[in-house]
Amino acid sequence: MNEPPFTLRIHVEGDQDMDWMVQPEEVTFQQTLEVISQLIPNTTITAFEYEDEEGDKVTVRGEEEMKSMFSDYFCELSEEDLARGLFPPLIIYPKLGKTSQNRNIHGLKIKTTKQESTGDQEMATAEAEPTKIESTSQPNNSIEQILSCGNIKEDDLQHMEVLGSGNGGQVNRTIHKPTKSMMAVKIIKLDLTPTVQKQILLEMEILHKCNSASIIAFYGAFFTENRISICTEYMDGGSLDRYIPIPENVLSAMSAHIINGLIYMWNLKILHRDIKPSNILVNTAGQVKLCDFGVSTQLVKSIATTFVGTNVYMAPERIQGNQYGIPAEVWSLGVSLFEIVTGKLPFPSFRIDMTPFELMGCIIMESPMTLPPENFSANFVHFVNLCLQKDLRQRLAVAQLLSHPFTKLNENGNAQLVSEWLKQFLSERSSKS
Ligand SMILES: Nc1ncnc2c1ncn2[C@@H]1O[C@H](COP(=O)(O)OP(=O)(O)OP(=O)(O)O)[C@@H](O)[C@H]1O
C-alpha cells in the first residue's frame, strides 16, 4: 500500500476531537494507541473503532485490522474527493476504560466550555499539567515542559536577540524563564479592540491541535496593550531566504517536509496564505518546518490593513481578486522553489525597484520562466513548471503534488543531508566574519 497522507480524527468523548496527520503505510497500531493515551491519560486503551460505509462500528485491535481500516477508508472515498486530492478525516473512537480528560496532543488541558450567553466566547485557556507520554512527533522534551506550563505570560519571557523582522513585526529569540527553554516570539503592533483581540486568540487555538513534524510548534499567544506576542518553536537555522541559492539536492531533501506540511494543513482546511522562503525554517538537526500560517482571518485582516504590500509570491488569480485556494498556494510554492535554487524570481522582466503596480502587471501578464534544464534535474524542472502554470487546471493538484516523480524521489526527506549542509554553511559563514 502506498497511499497519500490524510487526517485521522481521534474522537474524544466530551472534548475536542484531535486531528492527526498520518501516512498510512508508516503509522502503526501501537503508535495510534500511544497518541490516544496522550489525549486520554490514566486510561487503558487497547482498541478503537471506526464506522464502515453502513455506519456500523468496526473494532480495530491490531495491525491487521488497522490495515483493513485504511483500505476500507480509501475504497469508500468518493470520486470527487479523489479528484480534488483532499481526503476527509477518518474518525476513530477509542474504546474507553475511564472518563476522558480535556487534553490535546501537546499535553495542554484546554478549557472548552463556552461562557454563558454574554455574546462573547471565553478564550480557551491552558492549564498546567505535565505531559506523561513522549510522542514521536514532539520536537523535544523542553517543548513538553513549556507546554506543560500552560499559559505563557510576558513576565516569563526574556528576549535575547532579534532574529529578524518583516512587514508585520519583529521576531525575537526568547528564553521562557520558568522552563529555561528557547522559543521564537513574534511581536506585532496592532491597535485592536478587546473583542477583536479575543477573536484572534480564539482563532489561533487551532494551532494547538496541529501536530506535524513539518509545522512549527505553537506554544501560545497573548496581547499586551497594543501588541500581540506569538510564541513558537525556535529553529536555529532560521529561514531559507538566508541561504539562497540552495543546491537542488538539499532543497529536494527539504521539499518532502514543505509539501507534507502544506498538505497536513490543507487537510485541516487551513490555507497558509503567505508561502515564501522566509516562512520556511530549518534547524541544525535537519528538520524543515513551515511557519506563519494565516489561521486567524482576523489577524491576517488586521495586519493587511496596517501593512499593505504587494507580494511577489502571490498567484495571478489572487492578484486579480479571484477566489483564493490551494492552487494559489501551489503557485507560491513554485515561485519559492524557483527563487530558492536560482536566487531569482521566475518573471523575465522583474526588477527590484518595480512599483507594486508594475509588479502586478509582471505576474499577471508574463509567462513564468522555466528553470535552466542544464543546471537542474528534469524532474525538478517539470515539478516547478507545473506549479507555475497560469491556468489553474494545468497546475499541480494535491494528488499530483504527491505522485510527481520529484516528490516520490524525495518523499522521505534526508535530515542528515540537510543538517550537514546547514552546519557546513554556518561554519563557513562564521569563519568569514
Ligand atoms: N521560529 C523561528 N525560529 C527562528 N527564526 C525565525 C522564526 N520565525 C521567524 N524567524 C526569523 O525571523 C525573520 C522575520 O520573520 P517575520 O515572520 O517577522 O518576517 P518575514 O516572514 O521575513 O516577512 P513578512 O513579515 O513579510 O512575512 C524570518 O525571516 C526568520 O529568519
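Two strands are taken to pair if DSSP finds at least two bridges between them. Strands of a sheet pair through backbone hydrogen bonds, either parallel or antiparallel. In this predicted model, 5 strands form an open sheet with antiparallel pairing. The order across that sheet is S8-S9-S10-S12-S11. Strand S8 (157-165) and strand S11 (218-224) are the edge strands, and each pairs on one side only. From one strand to the next, the twist averages 25°. Helix H5 (residues 194-204) packs on the sheet. H5 touches S11 and strand S12 (227-232). The direction of H5 makes about 180° with that of S11.

Two pairings in this sheet were examined in detail. Strand S9 (residues 169-176) and strand S10 (residues 181-189) run antiparallel and are joined by 8 bridges. Within this pair, glycine 169 of the chain stands opposite isoleucine 188 in S10. S11 and S12 also pair in the antiparallel sense, over 6 bridges. Phenylalanine 222 has serine 229 in S12 as its bridge partner. S11 and S12 form a hairpin, with 2 residues between them. In the turn, glutamate 225 has a positive phi of about 45°. S11 is an edge strand, yet 6 of its 7 residues are buried. S11 is therefore largely enclosed by the rest of the structure.

Threonine 174 gives a close view of strand S9, in which it lies. Is threonine 174 buried or exposed? Its relative accessible area is 0%. Buried means under 20% relative accessible area, so threonine 174 is buried. Its side chain makes a polar contact of 2.7 Å with the side chain of histidine 159. The side chain of threonine 174 also reaches the backbone oxygen of asparagine 172, at 3.5 Å. Neighbours within four places in sequence were left aside for the list of contacts. Threonine 174 is then in contact with Leu157, Gln158, His159 and Met160. Its other contacts are Ser181, Met182, Met183 and Val185.

A second open sheet contains 3 strands, in the order S13-S14-S15. Its pairing is antiparallel. Strand S13 (238-239) and strand S15 (288-290) stand at the edges. Each has a single partner strand, so one side of each is left without a neighbour in the sheet. Strand S14 (residues 280-282) and S15 run antiparallel and are joined by 3 bridges. Here valine 282 stands opposite valine 288 in S15. Helix H6 packs on this sheet and touches S14 and S15. The direction of H6 makes about 30° with that of S15.

Serine 252 lies in helix H6. Its relative accessibility is 6%, so serine 252 counts as buried. Residues up to four places away in sequence are not counted among its contacts; serine 252 touches Phe406 and Asn410. Serine 252 and tryptophan 20 are 232 residues apart along the chain. Their C-alpha atoms are separated by 25 Å.

Helix packing was examined next. In helix H11 (residues 378-387), Phe380, Val381, Phe383, Val384 and Cys387 are buried. These residues cover an arc of only 165° around the axis, which puts them on the same side of H11. What do the buried residues of H11 pack against? Their partners are helix H6 (248-267), H9, helix H12 (398-403) and helix H13 (405-409).

Of these partners, helix H9 (residues 326-342) has 17 residues. From its first C-alpha to its last, H9 reaches 24 Å. That is close to the 24 Å expected at 1.5 Å a residue. In H9, 15 of the 17 residues are buried, so this helix is largely enclosed by the rest of the structure. Glycine 343 follows H9 and has a positive phi, near 80°.

The last results concern the protein as a whole. Its secondary structure comes to 14 helices and 15 strands. Of its 433 residues, 51% count as buried. Contacts with a separation of 6 or more were also considered. Residues 24 or more positions apart account for 63% of these contacts.

Technical notes. Residues numbered from 1 in each chain as written. Predicted model: local features only at pLDDT ≥ 70, side-chain atom pairs only at ≥ 80, totals over all residues. Heavy atoms only, no water. Helix = DSSP H or I, 4+ residues; strand = E, 2+ residues; numbered from the N terminus. Axes fitted to C-alpha atoms, helices over the stretch in contact; angles between N-to-C directions. Contact = heavy atoms within 4.5 Å. Buried < 20%, exposed > 50% of the residue type's maximum accessible area, 1.4 Å probe, protein only. Polar contact = N/O pair within 3.5 Å; in protein donor to acceptor, adjacent residues only side chain to side chain. Expected span 1.5 Å × (residues − 1). Arc of directions from axis to C-beta.
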